[in-house]
Structures are given as structure tokens and as C-alpha cells.
Amino acid sequence: MQGYAVLSPIGFDSFGLPAENAAIKTGIHPRVFTDARIEELKSSLRRLGASYDWRRELHSHDPEYMKWNQVIFQKFLDAGLAYRRNAPVNWCPGCQTVLANEQVLADGTCERSGDLVTRRDLEQWFFRITSYADEMLEALDGLDWPERVKVMQRNWIGRSEGAQFALPVEGVEGAHIDVFTTRPDTAFGMTFVVLAPEHPLVVAVTTDSQRAEVEAFVERVRGQSDIDRQSSEGPLDKRGVFTGGYAINPFNSTRVPIYLADYVLMTYGTGAIMAVPAEDQRDWDFAAAYGLPVVRTVAPPAGWEGEAYTGDGPRINSQWLDGITDTAEAKQKAIDWLVANRIGERKVNYRLRDWLLSRQRYWGCPIPVLHCPIDGIVKVPEDQLPVLLPDDVEFLPGGDSPLRHHKAFLETTCPKCGGPAQRETDTMDTFVDSSWYFLRFCDPWDSTAPVNLDAARRWMAVDQYIGGIEHAILHLLYARFYTRALADRGLAPAEIREPFSRLFTQGMITMEGSKMSKSKGNLVSPEKYFDTVGADSLRLFHLFVGPPGDDFDWSEQTDQMIEGCHRFLGRLWRMATVSLDASRSLDSSSLVERDETAADAEIDRQVHRLIDRVCSDYERWSYNTAVAACMEMLNTLYRYVQSPERARTLTVDFAVDSMLKLLAPMVPHVTAELWERRHPDAEPLHSQAWPAADPEKLKQDTTVMVVQVNGKVRDKLDVATTIGETEAVEVALGSERVRAALGGREPAKVIARPPKLVNVVV
RNA sequence: GCCCGGAUGGCGGAACAGGUAGACGCGAAGGUCUCAAACACCUUUGACCGAGAGGUCGUGCGGGUUCGAUUCCCGCUCCGGGCACCA
């Protein structure tokens with residue numbers, strides 16, 4: 001209605017575990033199950049009147065989409081962005097598959113099934129998302145996204161700057177321990193070193209007398225869940241062990257004992273840390289538990305009663321750093337020294353790990369490679385893509401992927417050597433499917449490339465993206481990675497680095513505080529409302545119930561609120577048809593042809609104010625107040641039409657037609673129907689120009705001025721909007737009520753903010 | 001522990017720049033229409049005191065700034081979310 005070309009696409013992220021779990025339970029093939037559910041959903045969306053461009057509809061389980069998914073994977077493989085390695089990974093026993101780090105909640109459970117995730121060493125596929133860590137971190141600043149989402153992404157990427165350097169191991173020729181630290185300036189205070197239990201040097205540094213103890217410790221840690229390992233609970237003296245070995249601190253050539261501790265992670269940094277108890281609280285605690293010495297290298301301020309001190313202060317016990325107070329300067333000097341002596345270097349570390357994308361499940365997009373005993377990992381030739389999922393599969397109760405037992409799928413020939421080879425049976429994480437769909441939407445018909453560059457240049461980036469806060473890290477991080485990775489491979493426009501310019505995180509409708517889901521049985525079907533009060537009443541309710549960013553809990557009262565929305569639409573209908581059909585409360589005899597009276601002009605001005613208000617409410621996502629404003633206008637119109645003076649036809653017509661246009665995006669069916677009845681020969685409502693308020697009519701001649709005495713409202717007076725300060729004070733002091741409130745006292749001070757307010761202070 | 005967000009009538013919420021707290025809707029109460037009901041329409045509805053006019057209190061709690069604070073500042077409580085041995 002405002003003349004913009006808006007692309008509002010729709011698609012279905014149709015791979016994933018729910019369909020496969022249903023297959024295991026009922027024996028219905030996931031494709032059959034999925035297609036049926038999509039049809040149901042589409043039917044609801046259509047009845048709801050959602051205005052999508054259905055021509056562009058995508059399904060991620062569609063062979064065409066799978067093909068491009070696989071083509072992209074292979075391009076990433078060529079570029080080294082996709083790789084396979086053995087790594088300790090998150091295994092969800094409930095889902096019978098591995099998970100990405102992003103899919104494990106803070107409490108160590110699976111974000112999907114809620115099962116406790118365990119660690120396994122497995123050969124898995126990864127995307128090198130870490131190679132974009134820095135760019136993705138820096139680009140966050142330029143995004144018009146909610147700050148909390150940006151904060152979450154920053155935390156997740158977790159950049160930390162420091163140094164990495166090597167410590168020779170005493171008595172082991174050539175062996176050295178690499179450590180990463182953010183505080184190289186405190187290295188003179190290192191009194192011990194801690195390795196992760198999985199560290200490759202553990203065996204080498206362990207002395208014979210400590211071997212039994214170390215082995216027992218390593219064994220125990222291996223059996224521990226990640227939650228136990230990463231929780232700060234438990235006595236520290238049970239969480240580490242002395243190896244018997246020593247390393248040399250290169251800064252001052254001091255011998256430092258080498259310990260193991262369960263909380264040192266092999267997956268972060270180098271898997272080894274230098275411990276400086278004086279300037280790190282964790283190291284302090286560990287030192288206290290094992291009776292290790294503490295050497296302060298930063299003098300704490302006078303009166304310091306704490307333990308580790310991490311602030312600024314003059315360096316002590318640090319030879320050539322002594323006396324430097326500024327931490328940044330000391331760090332720089334320490335790093336310079338490391339570099340000059342070829343011991344270490346400046347280093348940036350990230351919390352972000354590479355994205356583990358392989359899944360040991362059936363209902364996903366197959367990873368298009370095969371394993372040849374001679375040629376190793378070989379891509380399935382592009383002309384053979386997509387690799388499809390076989391249909392004749394049996395779903396095993398345990399959830400083991402049927403692909404692993406499907407001979408015809410499994411057995412293939414190597415395109416390189418012609419010998420027998422095995423197909424990869426892992427499928428892709430469904431987050432892969434949703435990481436580039438927005439680029440495909442620009443031209444889903446292109447049969448030559450996953451993304452049509454011209455179309456993508458025309459539409460991308462997405463001006464306004466809407467999604468739930470649950471995607472703050474998962475989907476939104478992956479999509480940002482994919483957009484860059486595709487752009488850098490020439491598969492998407494090179495200049496588009498960010499997929500979503502603006503982000504709005506909408507709230508959820510919950511029931512008894514939890515997300516609605518079929519498995520919980522707390523779904524509310526829209527169908528029953530379509531059949532009774534109609535789609536528009538339900539739509540209006542959604543907009544009216546509260547700010548779109550807030551959650552709303554569905555309760556017994558909700559039906560009554562929907563009824564209220566339905567009532568409003570009934571009132572609108574009767575008002576809009578008053579000259580066409582008589583109703584019980586309104587009829588055409590209430591309308592008269594006449595010259596404009598003052599009352600008519602006031603209604604007219606109110607309509608202009610309504611237009612102004614609704615426009616700005618739309619702009620600021622305040623749909624609930626836009627609806628409220630329309631309700632208020634309609635109430636006013638009822639009083640106007642029912643008044644003894646009756647109503648002027650032209651005035652009512654302008655008011656009603658304006659309201660129909662303002663409400664057209666919210667309640668499209670009823671407004672379009674009413675428009676057609678009122679204007680059978682005109683263009684349809686949704687082709688009409690959006691209403692504009694006349695600035696002249698927004699001007700008010702008079703306004704209500706509040707008069708306060710000592711900050712309390714004592715009177716409200718009608719005054720000219722142009723009233724000056726002296727006149728406002730004069731009028732205020734002349735008020736009967738104000739004089740009564742003053743009770744003869746003399747005003748000590750009068751604050752005038754004409755024309756809105758005068759405050760008399762005594 | 002750290003970092004965000006929030007707390008307003010019986011309920012969902014409004015107050016967009018420090019200036020009328022409670023728009024709009026739900027619920028509730030009363031009325032008109034009707035044989036009756038439903039529908040519709042009208043009125044009232046933050047609490048307390050008062051017959052009424054009117055008054056006092058009131059935006060999680062305690063302070064502060066200001067002529068004036070739901071709004072700004074300080075200190076808490078509770079709720080929700082994120083991060084949490086990341087070296």
C-alpha cells in the first residue's frame with residue numbers, strides 16, 4: 001500500500017529428528033510424515049491470510065535443495081572449510097547422534113531432547129567457522145540487532161588476546177609445553193604448570209613414582225561427564241594430581257612443578273596453562289589446596305585483603321618489568337621479550353570451536369562423499385548429485401541410522417580408481433539447511449547455481465529479519481558464517497557479508513510457562529478459531545495482546561480476549577455498513593447530509609490524528625497501541641453517530657474508509673470485504689494508497705492544561721495551544737479549584753510549561 | 001559470581017522527550033432492548049475515607065535529585081535470560 005516491493009518468502013526446514021522419531025514410533029516414513037505436516041501447516045497459514053510469495057516456497061528435504069546443499073558442501077571441502085577429524089565430541093544418547101557445541105546447553109544437556117550429553121572420541125565432519133571468528137565479532141558492531149543478541153554472540157565467540165610461549169620440560173630432551181595466557185606480564189609469578197589430563201605430554205612428564213597416581217587420575221577424569229568436569233563444585237585437592245615432572249619458566253629459569261587438573265581443557269588454547277596464583281584466583285585456590293608457593297608480581301593496593309589481585313599496580317619480583325604500573329604496557333613488554341628471544345608470540349584465542357556438522361541420523365541431507373580404501377575421502381561427482389536418501393529403509397528402535405545398514409546405499413564405486421568404496425552415512429546438521437535459504441529465496445528457480453548473484457544483489461541483505469531469541473547464537477551465527485563463506489567462494493555476492501541488517505526477536509506464546517509442542521500436548525490449534533471467530537479475530541488478538549517482543553502465556557482468559565477482538569470487528573462491520581444495512585444499534589437514519597459543524601470537524605481532526613498515530617505505532621512495532629487507537633476511534637464514532645445531532649455522512653465515510661486502510665494489514669479479510677461492499681467499483685483495498693495525515697488538521701486550537709498545586713493536579717483547563725507563559729499563569733491562578741487548594745497562601749514559585757502545565761508552589 | 005532484561009489495577013497491557021498514572025481490551029457490577037435468553041447498546045469499575053462535593057494513598061522495597069519521578073541517580077528484593085574454571 002506504500003508502494004514498496006517487499007519479498008516475504010516462505011519455506012519449510014523439513015529435515016530433522018521429530019520426523020525420524022515419529023517414523024521409529026509409528027513406522028510411517030519421515031517423508032510421508034513431513035509432507036503431511038507441511039500440508040497441514042500450509043493450510044493453516046493460508047487460512048490465516050499470511051501473505052507469502054508461495055511461488056518461492058522451499059522445502060529443505062526437496063532433492064533440488066539437497067543438491068545445492070551438497071554442492072556447497074563440496075565447495076567448502078575444496079576450500080578446506082569443511083574437514084574431517086577425530087575429536088572429542090558431544091554425544092546425545094537420546095538423539096543417538098553427535099551435537100555441535102552450540103547445541104549443548106550450559107547445564108550439559110541437549111537443547112533438543114534434554115538428555116545429558118556425554119563425550120566421545122569420534123571421526124566427524126567440521127566447518128571451519130573459527131576462521132571467520134574475528135570478522136564476525138567485529139561486524140557485530142555495525143548490525144542493527146538487539147544488544148543482548150550481540151552480547152550473546154560476543155560471549156560465544158569469546159575472543160581473548162594474550163601470548164603463547166614454550167616451557168622446556170626438565171629432563172626430557174626436546175620436549176616443551178606450550179601455554180597460552182592473557183597475562184604474560186605476570187609470568188615471573190608462575191609457580192606451577194597445569195596440563196589437561198588428555199595432554200599428549202602427560203606420559204612423558206610423569207615420573208615413575210607418580211605414574212600410578214597419575215594414571216588413576218586420568219582414568220577417573222575420562223569417566224567423568226563434562227558437567228562434573230566443568231562445574232566449580234568439589235574440593236580442589238581431588239581435582240588435580242602432581243606428575244612428578246618439572247618445567248622451566250623461561251622468564252626467570254625457575255623450576256616449576258607440572259600438575260594435571262580436570263578443569264584444564266584440551267580443547268581450549270594449548271591444553272596447558274602457566275599458573276600464577278598471585279594474580280589469578282583459580283590458580284590461588286589450586287595453590288592453596290596443594291601447598292604451592294605464591295609470588296606476587298603486581299603489588300596490590302594498600303590495605304588489600306583479598307587473595308589473587310588482578311588489577312593494575314607496580315610490577316615487583318619481575319626483573320625488567322619491575323616498576324611498570326600499566327598492565328597493557330607490561331603485557332606488551334613481555335610479549336616483545338618473548339618474540340625477541342624466540343620463545344613465544346602474541347596470540348589471540350577464541351572460545352568458538354569449529355562447527356561439528358555431521359549427524360548419525362537418516363532424515364537429513366547426506367554428506368556427498370565416499371570413502372575409498374585407496375583414494376581416501378572422495379567427492380561424489382557433481383553430475384551424480386544430489387545423493388538421495390533411500391526410501392526402502394527400516395527404522396530401528398534404538399535410533400541407529402538405517403543408512404549404515406542399507407547395502408545399496410552403502411556400496412558404491414570410487415570415481416577415481418573405479419574400485420569398491422563406501423558411501424558416507426552421516427547426514428548434515430539441519431542448521432546447515434537453514435544457513436543459506438534466504439539466499440536461495442532470491443531466485444529459487446535458478447538451475448545453474450545455488451544462489452543467483454543478480455537476484456541476491458537485488459534483494460539481499462534481508463532488511464528485516466524476525467525470529468525467536470532461541471536463535472541468538474545457533475542459527476544466527478551459522479547464517480553469518482555461511483553468508484561469508486559463500487561470498488568468499490564466489491557463490492554469493494562478494495560484498496554481502498551480513499545476511500540480516502536488522503533483527504527483531506519476537507516473543508513466544510507459551511502455555512503454563514513452557515513452549516507449546518505436540519509432545520507436551522499443550523498445542524492450541526488455530527483451526528477452531530478460523531471456524532468460529534475467523535482468522536482476522538485471531539490475527540487481531542495476536543497483535544493486540546501485547547508488544548510483539550514479549551512472551552504471552554495462553555490461559556483460560558485468552559478465549560475471552562479473542563472474543564473481545566471479534567466484538568470489535570463486529571462493531572467495525574456495523575459502522576462500515578450503516579448506510580447499507582440497518583443494525584440494531586445503528587441505522588442509516590443516523591446519517592445526514594449537511595454542512596460541516598464544529599462537532600463534525602472535530603471528528604475529522606481525530607481521524608487525522610488516528611492516521612498519524614497508527615503510522616508511527618507501526619513504525620515502532622507497537623501494534624497493540626495501534627489497535628487500541630482504532631478501538632478508541634470506533635468508540636468515538638459510535639457516540640458520534642448515536643448522538644441526537646446525528647452524524648454527517650461525509651465525516652463518517654472518511655473515518656470508516658481511513659480505518660479500513662489502517663487496519664488492512666492487520667485484518668485483511670474483513671477490511672477487504674467491507675471495502676468492496678462500500679466501493680464496488682473501486683480498486684481493491686489492498687491496492688489503495690496508504691492514508692496520510694493532513695498536517696494542517698493535526699494542529700490543535702485548544703488543549704487541556706493541567707494546573708498543579710505543589711505537584712498535585714488541582715484543575716484541568718481548556719486553553720489555546722498558543723497560550724503564553726504569563727497568560728497561562730494568570731489563567732491558572734484564576735481557577736476556583738486552584739484558589740481553594742491554595743487556601744489563601746501566597747505562591748512562592750510558579751512553574752509554567754505552556755500549554756501543557758502550570759505548577760504553583762507554596 | 002559476572003552481564004543483560006523485567007516488576008504498573010482482579011488479568012493482558014498503555015503512558016514514544018522528567019509534566020494528567022492506569023489508554024485499549026478482558027473480567028466484574030448495574031441498566032436498556034426481549035415473553036425470556038443470546039446478541040447488541042449504554043453506564044460504572046486502582047485502593048481507602050465520604051451520602052456527596054471532595055480528600056488521602058498508590059507504578060516491587062529503601063533512600064536521593066527535582067517545583068514535579070513509572071521515567072533520572074544510589075542501595076536492595078524477587079522473577080526471567082545469557083555467560084560461568086576459556087587460562
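Which residue in S7 does Ala163 stand opposite? Here are a few notes to help you find out.

1. A word on the model: this is a predicted model, where local features need pLDDT of at least 70, side-chain atom pairs count only at pLDDT 80 or more, and totals for chains, interfaces and linings use all residues. Residues are numbered from 1 along each chain as its sequence is written, while chains are lettered from A and ligands numbered from 1 in the order in which they are written.

2. Now to the opening question: Ala163 faces Thr181 in S7. Strands here are DSSP runs of E with at least two residues, and helices are runs of H or I with at least four, numbered from the N terminus. Strands S6 and S7 (residues 176–181) run antiparallel and are joined by six bridges; two strands pair if DSSP finds at least two bridges between them.

3. S6 (residues 160–168) also pairs with S12 (residues 344–349), again antiparallel, over six bridges. There, Glu161 sits opposite Val348 in S12.

4. Look next at the open sheet of four strands, ordered S4-S3-S5-S13, with antiparallel pairing. S4 (97–99) and S13 (355–356) are at the edges with a single partner strand each, so one side of each has no neighbour in the sheet. S3 (residues 82–92) and S5 (residues 118–127) share 10 bridges, and Val89 stands opposite Arg120 in S5.

5. Finally, the RNA: Thr181 is among the residues that come nearest to RNA strand B, along with Gly269, Gly564, Ala628 and Gly711, out of 66 around that strand. A residue is near a strand if its C-beta atom, placed from the backbone, lies within 6 Å of it.
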